[in-house]
Amino acid sequence: MRAAFYEKFNGDIKVGNLNDPEPPVGGVVIEVKANGVCRSDWHGWVGHDGGITSFPHVPGHECSGTIVAVGQGVRSWNKGDEVIVPFSCGCGVCPTCKNGNEHICDDDFQPGFTGWGAFAQYLAVEYADVNLVKLPEQITHTVAASLGCRFMTAFRGVVNRGGVAPGQWVAVHGCGGVGQSALMIAKAFGARVIAIDVNDDTLAQAKSLGADQVINARKVDDVVEAITSLTNGGAHVSLDALGSPITAYNSIACLGKRGRHVQIGLAAGDHKDMKIPMNLVIGRELDIYGSHGMQGHKYGQMLDMIIKGELVPEKLIDRTIDLKEGADVLMEMSNTSPSGVVVIDRF
């Protein structure tokens, strides 16, 4: 198969031929139709993720495609089925999975991390019955790939972890793919949204997606004070969609009493341990939540809202590219981030 791969951390991502995968027991092989290029792939490439232990390695975890081979023991899927692959797949048998939390499985399979990913023509997926999501005919593979980890993680973060309700103030710190997704989802649930970023063009895009207020963090003296003023006392829900010590701190500190902070941006590398204003957590009775993906069996509400037009993730897609361009975009993330979601749809 044709695939993009690297042979060491921070090494050149090459495009060439690798062996086609075989379906594992309980798993399937998917012909990849579309795959998003995500900063999580970049974290893996530079060595921030401990799950990558052998080379060559194929990145990619925001995948949609067609099943072309079915392994022994698979009951729910057949060749020709169109599916979405959650980025964190549960084994289905550990205590965590038995409690319905396959996305944080004790023995998970993560394409592009614990195994080869979807920067390739074909992808082997373990635990197919437990994780795969049927692709509705109303949703294209490209849109399905854009849901990837960013949109569905933002959905769970806003809805299931943040518990956003109509009329509440939601602050979104960092307006890349995750932040823009969170903004769109919060607005769909009737919230008032403040978008915070350091780039005016990104903030203009956030405004076009429905942000009620925007703040350029480089142009105000105090981000927390600005949010507190706009919300008359602090946000009800605040999300760090970037994963830096500054955005995480501001997200917690800008909350009003009994507010909820959701950490979606990865705390990786030098940022894995961050300063938390614990005095505010105690004094204001704040809640702090992590959000790591979403279980396959929870996709229904999100997909229904997309089909009904209540959520329009295609607005977040900046462009579609080929496999070689995808490798280049991933390496360029060391210097800059795309303005929107980039999807590989030509292999």
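Which are the buried residues of H1? I would like to start there, and I should say at once that we are looking at a predicted model.

Helix H1 runs over residues 39–46 and is mostly covered, with seven of its eight residues buried. Those buried residues are Ser40, Asp41, Trp42, His43, Gly44, Trp45 and Val46, and they pack against strand E3 (28–37), helix H4 and helix H11 (323–332). Just after H1 comes Gly47, whose phi is positive at about 100°. If you follow the chain onward into the loop between H1 and strand E4 (63–70), you come to Pro56, which is joined to Phe55 by a cis peptide bond with omega of about 0°.

Let me turn next to helix H6, residues 200–208, where the buried residues are Thr202, Leu203 and Ala206. These cover an arc of only 100° around the axis, and therefore they sit on the same side of H6. On the other side of H6 we find Asp201 and Ser208, both exposed. As for the covering of the buried residues of H6, it includes helix H5 (177–188), strand E9 (192–197) and strand E10 (213–216). The N-terminal end of H6 is capped by Asn199, which has a side-chain oxygen 2.8 Å from the backbone nitrogen of Asp201. Just after H6, Gly210 has a positive phi of about 115°.

Helix H10, residues 299–307, can be described along similar lines, its buried residues being Tyr299, Met302, Leu303, Met305 and Ile306. Looking down the axis of H10, one sees the buried residues fall within an arc of 160°, so they line one face of the helix. The cover over these buried residues of H10 includes strand E5, strand E7 (133–134), H4 and H5. Just after H10, Gly309 takes a positive phi of about 85°.

Staying with this part of the chain, Leu316 has its place in the loop between H10 and strand E14 (317–322). Is Leu316 buried or exposed? Leu316 counts as buried, because its relative accessibility is 3% and the cut-off for buried is under 20%. Apart from its neighbours within four places in sequence, Leu316 is in contact with Phe151, Gln180, Ser181, Met184, Leu209, Gly340 and Val341. The C-alpha atom of Leu316 is separated by 28 Å from that of Gly47, and these two residues are 269 residues apart along the chain.

Now to the empty space inside the model. Rolling a probe the size of a water molecule over the atoms shows where such space is left. A search of the whole structure finds one cavity of 30 Å³ or more, and the volume of the largest cavity is about 30 Å³. Its lining is made by Glu62, Cys63, Ile84, Val85, Ala144, Leu147, Gly148 and Tyr299. The elements that give two or more residues to this lining are strand E5 (82–85) and helix H4 (141–161), and H4 gives the most, with three residues. Sorted by class, the lining has six nonpolar, one polar and one charged residues.

My last stop is strand E12, residues 255–263, which holds His261. With a relative accessible area of 1%, His261 is buried, and its side chain makes a polar contact with the side chain of Gln263 at 3.1 Å. Not counting residues up to four places away in sequence, His261 touches Ser238, Asp240, Ala248, Ser251, Ile252, Leu255, Asp287, Ile288 and Tyr289.

Arg258 also has its place in strand E12, but Arg258 is exposed, with a relative accessible area of 59%. What is the sign of phi in Arg258? Phi is positive there, at about 65°, although Arg258 is not a glycine. I mention this because most residues other than glycine have a negative phi. Asn232 is another residue other than glycine with a positive phi, near 55°. Asn232 is found in the loop between helix H7 (223–231) and strand E11 (235–240), and Asn232 is exposed, with a relative accessible area of 73%.

How values were computed:
Residues numbered from 1 in each chain as written. Predicted model: local features only at pLDDT ≥ 70, side-chain atom pairs only at ≥ 80, totals over all residues. Heavy atoms only, no water. Helix = DSSP H or I, 4+ residues; strand = E, 2+ residues; numbered from the N terminus. Buried < 20%, exposed > 50% of the residue type's maximum accessible area, 1.4 Å probe, protein only. Polar contact = N/O pair within 3.5 Å; in protein donor to acceptor, adjacent residues only side chain to side chain. Contact = heavy atoms within 4.5 Å. Arc of directions from axis to C-beta. 1 Å grid on protein atoms, 1.4 Å probe; cavity = no way out; pocket = protein on both sides within 12 Å on 5 of 7 lines; lining within 4 Å. Points joined across faces, edges and corners; volume = space filled by probe spheres on them. Nonpolar A, V, L, I, M, F, W, Y, C, P; charged D, E, K, R; others polar.
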